[in-house]
Amino acid sequence: MAILKIARMGHPVLRRPAAPVEAPDDPEIQRLIADMIETMLDAPGIGLAAPQVHVSRRIIVFHVPRDRVAEGESDAPPGVNVLINPEIVPLGDEVAVGWEGCLSMPGLRGAVPRPARIRYRGLDASGTRVEREASGLHARVVQHEIDHLDGILFIDRMPDLTQLSYEEELRYRRTGE
Ligand code: NI
C-alpha cells in the first residue's frame with residue numbers, strides 16, 4: 001500500500017467528471033482502493049474520492065467515527081466503507097446545514113446546506129451491490145464525496161461565502177483562546 005498525493009483546489013482533476021469503473025475486481029482498482037483508504041486514514045480525513053488522488057474514476061471511501069456523532073445518531077456501517085459507481089437520491093425536503101472540510105482545501109471549513117436524508121447505492125470493494133439510507137454526518141460525507149466525482153467542491157454548495165473560514169479562526173471564536 002502507499003500514501004498517495006492529494007490534489008488541492010485549482011488542480012483540474014478536481015473539476016472533471018470522473019468515469020465509471022467497469023471492472024471493480026481489476027487488481028489496479030483494488031490497489032487504488034487500498035491506497036485511498038491508507039491515504040484517508042493518514043491525512044487524517046473521514047472521506048476521500050479518487051479524483052482527489054489524481055484518478056478520475058467513480059470511487060469513494062469514507063468512515064463515520066463514533067466520536068463525531070451524537071450517541072445513537074450514526075446509521076453508518078462501522079469501519080471504512082467503499083463505494084464504486086455510487087448514485088444518490090435525496091429523501092424528503094429537509095435540509096441540514098453543517099460545517100465541512102476537505103483534504104483538497106486544507107485548513108478551510110464552510111457551512112454547507114445539504115439534504116438531511118438520502119438513499120445511496122453502489123458497489124462495495126468486492127463488487128457486491130449495496131443500498132442504504134443515511135442521515136446526519138453519514139449522509140453529509142457521502143454527498144460531499146460523490147460531489148467530487150462530478151467535479152463539485154463544497155464551496156460550490158455554499159450560498160453564503162462569509163461562512164467560509166480557516167479552521168483556526170473558528171476554533172478561536174468557539175473557545176475565545
Ligand atoms: Ni472533499
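This text walks through a predicted model, from its metal site to its cores, its largest pocket and two single residues.

Start at the metal. A nickel ion is held by three residues: C102 through SG, H144 through NE2 and H148 through NE2. The distances run from 2.1 to 2.2 Å. Along the chain, these donors follow the spacing C-x41-H-x3-H. Now look at where two of them sit. C102 belongs to the loop between β4 (95-100) and β5 (108-115), while H144 is part of helix α2 (residues 136-149). The two are 42 residues apart in sequence, so the pair ties together separate parts of the chain. Are C102 and H144 buried or exposed? Both C102 and H144 are buried.

Next, turn to the aromatic rings. How many aromatic pairs does a search of the whole structure find? The search finds one. Its partners are F62 and Y120. Their ring centres lie 6.4 Å apart, and the planes make an angle of 80°. That geometry is edge-to-face, because edge-to-face applies to planes over 60 degrees apart. This pair, too, links distant parts of the chain. F62 sits in strand β2 (residues 59-62), and Y120 sits in strand β6 (residues 117-123). In sequence they are 58 residues apart. F62 is buried, and Y120 is buried as well.

The aromatic pair leads straight to the largest nonpolar core. This core has 19 residues. I60, F62, V64, Y120 and V142 have the most contacts inside it. Which elements give two or more residues to this core? They are β2, β6, β7 (129-135) and α2. Helix α2 gives the most, with six residues. Another core lies apart from this one. That other core has 13 residues, among them V21, I29, M36 and V82.

Take a closer look at Y120. Set aside its neighbours within four places in sequence. Y120 is then in contact with F62, its aromatic partner. Y120 also touches L83, E87, I88, V130, E131, R132, A134, H138 and V142.

Now for the empty space. Rolling a probe the size of a water molecule over the atoms shows where such space is left. The largest pocket holds about 640 Å³. It is lined by 28 residues. Which of them are closest to the centre of the pocket? They are I46, R68, G101, C102 and R109. C102 is a name we have met, as one of the residues that coordinate the nickel ion. At least two lining residues come from each of β4, α2 and α3 (167-175). The largest share comes from α2, with six residues. So helix α2 appears again: it holds H144, and it also gives the most to the largest core.

Finish with two single residues. D150 lies in the loop between α2 and β8 (164-166). Is D150 buried or exposed? D150 is partly exposed, with a relative accessible area of 35%. Not counting residues up to four places away in sequence, D150 touches P17 and R58. Compare its position with I46, one of the residues closest to the pocket centre. D150 and I46 are 104 residues apart in sequence, and their C-alpha atoms are 19 Å apart in space.

S165 is in strand β8. Its relative accessibility is 8%, so S165 counts as buried, because the limit for buried is under 20%. Leaving aside neighbours within four places in sequence, S165 is in contact with W99, G107, L108, R109, L170 and R173. One of these, R109, is also among the residues closest to the centre of the largest pocket.

Definitions and conventions. Residues numbered from 1 in each chain as written. Predicted model: local features only at pLDDT ≥ 70, side-chain atom pairs only at ≥ 80, totals over all residues. Heavy atoms only, no water. Donors = N, O, S within 2.8 Å, 3.2 Å for Na, K, Ca; no water. Helix = DSSP H or I, 4+ residues; strand = E, 2+ residues; numbered from the N terminus. Buried < 20%, exposed > 50% of the residue type's maximum accessible area, 1.4 Å probe, protein only. Phe/Tyr/Trp six-rings, centres within 6.5 Å; stacked < 30°, edge-to-face > 60°. Core = buried A, V, L, I, M, F, W, Y, C linked by side-chain atoms within 4.5 Å. Contact = heavy atoms within 4.5 Å. 1 Å grid on protein atoms, 1.4 Å probe; cavity = no way out; pocket = protein on both sides within 12 Å on 5 of 7 lines; lining within 4 Å. Points joined across faces, edges and corners; volume = space filled by probe spheres on them.
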